Every structure is written in C-alpha cells, then in structure tokens.
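The following note is offered as a reading aid for the structure shown below. Its points take up contacts between chains and then charged pairs.

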Amino acid sequence: MGLLDRLDNPYETGGIILGTLEDILNWGRSKSDWYLHFGLACCAIEFMSMNASHFDFMRFGIIPRATPRQADFIMITGTVTLKMAERIKVLWEQMAEPKYCISVGSCANSGGPYWQYGYHVLKGVDRIIPVHVYVPGCPPRPEAMEEGMMKLQSLIDRQAIFRKREKLAENENLIKSNKM
Amino acid sequence: METFNVFDVLLGNNFLSALISVVLPLVFLVIYALIAILGELKISAWIQERLGPMRTGPYGILQPLAEVIKLIQKEDIVPAGANKLLFNLAPYIIFAGSFAGFAVIPFTAAFVPAEINIGLFYVFAVGAFAVIGIVMGGWASNNKYSLLGAMRSASQMISYEIPGALVILSAAVLANTLDMQKITSLQEGGFWNWFLFGGPGGFSKIWILPFTLLLSLIYMIASLAETNRTPFDIPEGESELVAGYHTEYSGMKFAMFFFAEYSNMFIVAAILSIVFLGGWTSPFGSFMSGYWWGIFWFVSKAMFIVFIQIWLRWTLPRVRVDQLMYLGWKILLPFALVCFVIISLYRIIY
Amino acid sequence: MNTTEIFELLREKFKDAIIDLVDNPPSDSFINVVPEKLFDICLELRDNPEFDFDYLMCLSGVDFPTNLQVVYHLYSLNKKHKIVLKVTVPKENPKVPSVERIWRSADWHEREAYDLFGIIFEGHHNLIRILLPYDWEGYPLRKDYKEPETYHGMRVPY
Amino acid sequence: MTTRKILDIDFSRIDTDRMRLNVGPQHPSTHGVLRLEVELDGEVVTNVIPHIGYLHRCFEKIAENMNYQQVIPYVDRMDYISSMNNELPYVIAVEKLLGLKVPEKVEYIRVIMAELNRIANHQIAIATFGLDAGAFTPFLYLFRDREYILWIFEKATGGRLLFNYFWVGGLANDVYPTFKEDVLNIVKQVRKTNKDIEELLIYNKIFIDRTANIGVLPADVAINYGCSGPMLRGSGVPFDLRKAEPYSIYDRFDFEIPVGKGEVGTVGDCWDRNIVRMREIEQSCRIIEQAIAQMPDTGDVQSAIPKKVRPPKGEVYFRCENPKGELGFYIISDGKDKPYRVKGRAPSFVNLSVLPEISRGYLFADLIVILGSIDIVLGEIDR
C-alpha cells in the first residue's frame, strides 16, 4: 500500500497527504511493538527461547516491557485458568491504546488438551479479551510465533485511521477473509 | 585556542543568537538520543550474539524513529488514583532538568550555549532537578512499585552526588576555575595535558597522576549511579520493581523519561570528557585541532563514554540497594576525599 | 527396617490404633491406622531413633466410593527405609488430625487435600484453599464432582 | 479543580510501619504466574505469603479420565522445562504396576535423554537466576546452548519442548543414526559454555555479593520442609535418589553428588544452590558420556510395549530425581485401563513452601534472588 496505490483513488482513501501520513503512522506502530513481559505456561518457555539468540525476537523491533502501561501488545502464552482470567482482563484494560493481543498455543486458543476435563481452565482467552492473531501449536515453534508476529504487523500496516467507517469495515472483512 | 560563541559574533549578542544557541543543543539532543537508543539495541545485540532490530530500514537504523512515531500515537493514561497535576508535570521537570545542563556544555571552542563562569557548579545544580521529578512521578502515580522506585532513586542520586561533586571540586581546584571553557582550554596541547593524567604542568604532576586517574574512575562509577544505569539501575530494576518510578507512565510521558535518561547519560559523559579528557581539544597537540575538529573530538569522547555505559549495562549483574549505599558512602566518598586533600596540597605546594 | 518390622514395633506400642498391614506385591505394602491416634503415631515415627522418619515424601487424598482416604508416604534420610500409612475417614465430616507440626511439608499438602477433597485437617494453622480460588464451590477430585456452568460470569465447559 | 476534602483520620488507627506489596501474578521475576503477598518494613521483608493455583490445570482429574498412555502428554506439561524427567517416574511406576521389564537399549536412551534434559533445565535455572540478579547476557548464552540440546530432542522425538517420547514399556521411536556423535558434541559445547558462565556470572564479584549469605536454608529445616533436589543438596545434604535408591540403570554409572559447601558464604545460601546446579551439569555430562559408551547399538525399542495397559489392582508410589527434586507419582489402579487416582508429588510445590521461612528479614531485592534460587515451575506447582 504505497503511495502509488493511493494515487489511483486519492479522494476515497483520504488523499495523498493523509494517506501517506497514515502509512507513516502505521509503519511506526507496526515496526515498534513492545510486548508485555508476561508468561503463563509451557508456551512461555518457547517464547523465552524466541527472545534468545537463535530466533531473536528483537529483529522485529520488539522490546519487552514489564509494565502493561508501556506495552503495545500482549502475548497470552499458555493456559488461562479461571483464577488468572480476571487478572488478564485487568492487564488488558491497563494497557494503553492502540493495543493488540496474540493468543499463542492451543490452550490460549481453545483450552487445548485441557478442554474436556479441565474444570478450572478457561477454554480460550477470546472469551474475555479480544484476540487479533491466533498462533496454533502445543507449544508452537518459535517460527510459528514469528509468523504470528508478522501477521500482526501486516494487520497494523493496513489499519485505517482517517478513512471512512464503511471503508474500515470493508477492510476488516478483507482481513478476516485473509485476502490481504 | 580562543573561546567565544560563534552566534554572538555573527549575529551580535541579541535574542536571535540566544534562540539559536538553545535550539541547536535541542536538535543535537534529539539526534543523539535516537542514535543512543539504536546503539543500546544494537550493542546489546552484538554482545549477546544476536542481530538486533533488522527490519526497520537498512539494518534497522530507523528503529528509534519508529518508536517515537509509535509513542506519539499511544494513549496517555492517568491512573484513577493518581495526583493529576504532579503526575503530568513530573516527566517535563525531569526532562527540563537534564536539558538545562546542556546550557553550559562547550561543544567546541567556538560554541557554548551560555558561557557562565560557574559552569561546573551549574551543571551539578540543575542535575539535581531530576530527583524532584522522579520523586514527584513516583509518588503521584499512586503505585507501590513507583513509590519504592522513586525513593530508591532519590536516595541513590543524592548519595552519589556527593562523591561526584568532590571529584568535580578536585578538578576545579586543579584547574583553578569552574568555567567549562577555561577548563577545556587548559588541557590543550595533547593528551598528556588532560586532567586524567594530572593536567598541564611540569614533571611534578607525577605526584598526583594516580589520584587523578582514581578520581576519573570514581566519577565514572558515580555517574553510572546518578543516571540509574546498570549495575546501579536499582530504581527501575526490572526483576524487582516492575519498571520503577515510571511504571504507570505511558505514551509520550514515558518517552520523556526515556529521553531524559539518555540525555542524562550524555551530560555525565560530557562532564567526564570535558573535565578529564580534554573536551574539544585534540589528543595530538595541534594535529587535527580546530573549531570543527573540536566538535568531532568532544562528541566522540562523550559517545565513547556512553558506549562504555551501555557496554557495562549488558555485562554486569545488578547490585543490591544496601550494597550500593555502602559503595557510595564507605568507599567512593573516602577515596574522593583523600584525593581531594592530596590535590589541594599539591596545588598549595606547586 | 522393612514395613513388617515397623508394623510389629508400632503394634506393640499403639495396640489397636494400628489396624492392619496390607502386603501384596508388586504393590507397595501399607499400614492402616485409625485417625484418632494418627498424630501420636507420626510423632513416634519421627522421634523414635529406631524409625527416624524425618521426611514426608507425599501426602495424598483418595476418594473411594464409600469413604475418603489420606495416604502418607514417609522416608528416612538416615536409615533409608520407607513406610506408607493410611487413614480412612467417612465422606461426611471427614476429619483427620494434622501432621503439619511434625513435618512442615505437610502444610501445603494438607491444604491441597482440603482444597480438592474437602478433607478437614484438625489443628492446621491455615486451612484454606490453595490451588482453586477462595470462593470456589465443591471439591473437584471427588468422583461425584460436577463442574460448574459459570464462574464469575465466565463459561466453564467448552 | 475539585474541592479538597477534609479528611477526618484517626491517626492512632493507621498502621504506618508496614507496606503490603503484591508481587505477581504478572511480574517479571515470579517465573510464571506465582503471586507473592509481601509485607515490607521499608525494604525489609517481614512476611511472604505465596498464593499459587493460577495455573491449576486439573492434571489429577484429567488423569483419572484418561488411559494410562494418554496421561503421558499431561505429565509432560507438568514441569514443561524438563519433560523427559517427568515422563520417567510415570512410565516406571506404570511398568512397576504391570511388572514389565524394558529392553536394555531403552534404558540407556531414557537415561541419556533424561540427563540431557536435566542439563537443559539447569541451564534455564541458572539463566533465569542470573536474570533475577540483573545479568541479562548470561541468560542468552545459556539459551543458545539449550537450543542445541533441543535440536537433538527434535531430531529424536519430533518435539522441542513436550515430547511424549517415553512410553510404557519402551519408546515412541528409536533414535536417529548420528545420535551418539551429536550428543557427544553437545557435551563438549556445554562444558565450554559452563566455563564462560563461571567467569561471567558465578564468580563475578557483584553476583557473589548478591547471592552469598542470602536465603540461608539450614539442613534440618530443609528436611523438615521436605525440600529435595538442589535445594536439599545446596544445604549440604548429599541425598540424590540416583544414588540412594538407583532406579532404571543409574547404578551402572560413576558420578558424584555435588553439595553446597559454603565456599563464598554460608552453607545453604543462594549461591550454593546455584553452584550445585552448575556442578550437576558436569555430572550429567559424565553420565551421558558413560551411557553413550555402554549403549547397545541394536535392539528393538518397542518390543516390550504392551498392546493394552491394564495393570492389576494395586498401588505404587514411585519417585525419581527430577532436576528440581524428587518427583513422585502415586498411582492407584483398580484393574481398569484408566488409573483410579494419580497424584503427582511435585518437587517445586514442596520447595516453594519453604520460601516464607528463608526470606524473612532479607531485603526485597533478596526475595527475588531467593525465589530465583529455588527454581520453580508453576506448571508443576499448580498441576
């Protein structure tokens, strides 16, 4: 979505100047993502190895922050229990907008292996907070988490700030149908 | 070399020249902060056998820019229980305190924003401003971690100001002035004239040579503590106090803290390089010396010290708060005192 | 010392409080004791230098169709022998004396057994739920436990 | 501006000298989702109350509803850092109930895998302990090495972290042809990094100052609290289940039990617990080298796997030396193909309970170091 795409349709997308500004703002948000230093279970160990030298999460411009106020996205890495769920909700609410959520691993997506008899396991973190990207696996490989991160970046890159609401809805539909 | 402010000479001593003298350091500070943040990311990556940011521009060099753009867009949260006025004011006070220090830093023989004859004293005085901001921010956040961090930070910065000040006092005694430009001019003529090696003077300076070396080391340690860098980053020690006094800050206010930290790093590095490493003077006598070379020498000396600060951060573990106080009061302070006495004696004798 | 010898010695001292010794390999052999005397038996096992059971390996609750059981696995670091004690209590009002004051490791184990089975350990200084939230209802490891539909507005079943 | 309320405070009722600090469940150094309620007097810790259960995943309930074989993946997820070591006591316990004897080659591969995973676990433990003390770089060096070990696991089992490799009576599959060379190379690399870490972290003056004489755990307290593993050995008790009651084939190997001797401080302080882990890595290397030398090349690793696991009525408590301590499984069988009751005796669960005892009177910064030295995994504590 460079400048040239916008030239074709300058008025609907907010014009060249706004469009370019939007691109720059989106670029800043997608390239500089700080995540909340927060691990839950098994996936957190894979997440730790992702921060280590072999996979080096920082290549994407990602820096860990210990406090939710300064974080841009939260990675739910592991099983969310009912006791923990309320805390996660609080953490999510403490984060400053714009904020994103990546759900890593089967447990966070749907309860994973604990879906049937886990009386104390929340079957999917999307029951309490909105999730932008799901990463499957039990636990996902670090490469899978990187892919999830890149998906999130491309999602941010295509976010509409100045465009009309209809455009925005259309855009979201496109993202949902995974065509973009 | 003759010292003057180039803008005063060009434009006359009026408002315009003063404005330029303020804006230039600010521009410099912003550029420096961006470079230092990138340096922090990249140097830590090299130490740890990683690559660091790679996807923002070639080799990730635009990373700090992206961060600034992002931080501008972040929501600005004031916690419900916080004291709004103090909470909002704190980051600007900290930033103002550290930026005010730039007023007397001589970038080259031809440019110092404000040439006052008590420059060294002034830097120390406004440097203490940061403590007020930190305590304000920590207290106003209404968060226990912030409060603990702020209290630790205040005690640490105040304690380490004393050995730091003693070092500066010794240097002032040796130089017989508090004017930064004069101190720098004194050290002209090669690296053997630096105060690190006893300052200008004859063979007799061999007596104080070990003490000036020691003094610069003491200042290096004290400056690390004053800027809250590892191994003294106790106030924001991530493993203990989530993020210390800025736990509750988000968006641009946090960016202010961030900027202030890096600006403080530069201020202490600049003082060290001016007082002990000859500021803008060339280490090789008249070779490569001049007004333009002055900027190069000063900035590269200061940046080298910033590099050492970053290097230490990614190598050493963190000390504990009582050990930090022990180091400050029982080791650095007596040593600094002894050095001060000996240097004063030397001044009296020679 | 093997379990039979320990059983004989305990029988001499505590008479009827020691119910029986069950030994059918390859299963571990164990000694059934009455709950009322449990504390004294445990104290004897720890403090008598012949037994010297200074290490409580494991304390588990078990839910059998008719009653609840608490199983104590003891070990002696010096003598390198071990023993299994069992107490059986009824499902209604299951009360067992706490051995927390003998082995501090029993503290959390007993809280866990209380949390998951509802076994009440008398004399425990802080018998509250440990794993589940404090306002949880029911004892999940009992065989007849039904998981709740919602907890604090969150749906529990898949 | 809002009008200032006039507060009517009875100052005699305000408790001014203690502060309650809530550490976790989201805190950078609680190693997961542990929550500590800390009572502080200034910076001095006067009391710690651990609150656990934020990762209670109902392992024991699920185990009652699964086949004996199906429980193994859940066992993996208990202590997710050392899954191989978790599987070992479970499969041996079930084999004991069944009266099974596994082939020689299986025993050797199990020992090698378990010891490799012990190294990986201790590397994480030392790395995060250094991180708690503020040293970030050793963390990455150790993680780099751990990655090489994970590559072996990945080649052999297909999984990086959770393997489901040890089956009742055998293994999921045989190891790959160049397994032996790979393992020996890893051992070399591990030893090399150990030297670096000793210089960079263990004998660093600041690190010693931070960890020596901190969190002293006397031997009698450790035993009474049921501590095991490096916690117990750090207090100077040379107790290791691999020597005390050798299971599998550990009686065939020559290795030592490192204990804390109080080299830089008191016996049983944080530094001792850490150095025990450091030296256990070396001992594991020795075991691996011997096992590789003795391991038979041929043999079917699946020959003893029973078609149906249906143990007779009975019960068994079996324990192994997990990297974190004594991991025991108490299994009751009622003659069906599902266990009647599985209780996991998790070492971290018991080791953590000693935290309030050893952290009172130290500074808040020390509490974090003490917690790091216990080396807990919440998956195992909460199960």
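**Notes on the interface and the salt bridges**

1. Between chain C and chain D there are 20 residue pairs in polar contact, both residues of each pair being at pLDDT 80 or more. On the side of chain C that touches chain D, the elements that give two or more residues are β3 (55-63), β4 (67-75), β5 (82-90) and α3 (106-117) of chain C. The largest share comes from β3(C), with nine residues. By residue class, this side of chain C divides into 25 nonpolar, six polar and eleven charged residues. The reader should keep in mind that the model is predicted.

2. How many residues does the contact take from each chain? Chain C gives 42 residues and chain D gives 41 residues. The size of an interface is often given as the accessible area lost when the parts come together. Here chain C and chain D bury about 3,600 Å² between them, with 56% of it on carbon and sulfur atoms. In chain C, the residues that lose the most area to chain D are Tyr55(C), Trp108(C) and Leu131(C), which together account for 20% of what that side buries.

3. Charged pairs also cross this interface: four salt bridges are found between chain C and chain D. A salt bridge joins the side chains of Lys343(D) and Glu112(C), at 3.4 Å from N to O.

4. Over all chains, the structure holds 48 salt bridges. In a salt bridge between Glu49(B) and Arg144(D), the N to O distance is 2.6 Å. Glu49(B) lies in the loop between α2 (15-47) and α3 (63-73) of chain B, whereas Arg144(D) lies in helix α5 (residues 137-157) of chain D, so this pair joins two chains. Are these partners buried or exposed? Glu49(B) is partly exposed, with a relative accessible area of 43%, while Arg144(D) counts as buried at 12% relative accessibility.

5. Within chain C, the side chains of Glu44(C) and Lys13(C) form a salt bridge of 3.8 Å, N to O. Glu44(C) belongs to helix α2 (residues 38-47) and Lys13(C) to helix α1 (residues 3-14) of chain C, so the pair ties together parts 31 residues apart in sequence. Glu44(C) counts as buried, at 17% relative accessibility.

6. Within chain D, the closest N and O atoms of the salt bridge between Arg286(D) and Asp254(D) are 3.0 Å apart. Arg286(D) is in helix α11 (residues 270-294), and Asp254(D) is in the loop between α10 (241-244) and α11 of chain D; the pair links distant parts of the chain, 32 residues apart. Asp254(D) counts as partly exposed, at 47% relative accessibility. Salt bridges that share partners also join residues into one network, among them Glu115(D), Arg118(D) and Arg233(D).

Methods: Residues numbered from 1 in each chain as written. Chains lettered and ligands numbered in written order. Predicted model: local features only at pLDDT ≥ 70, side-chain atom pairs only at ≥ 80, totals over all residues. Heavy atoms only, no water. Helix = DSSP H or I, 4+ residues; strand = E, 2+ residues; numbered from the N terminus. Buried < 20%, exposed > 50% of the residue type's maximum accessible area, 1.4 Å probe, protein only. Contact = heavy atoms within 4.5 Å. Buried area = accessible area lost by both parts, 1.4 Å probe. Polar contact = N/O pair within 3.5 Å; in protein donor to acceptor, adjacent residues only side chain to side chain. Nonpolar A, V, L, I, M, F, W, Y, C, P; charged D, E, K, R; others polar.
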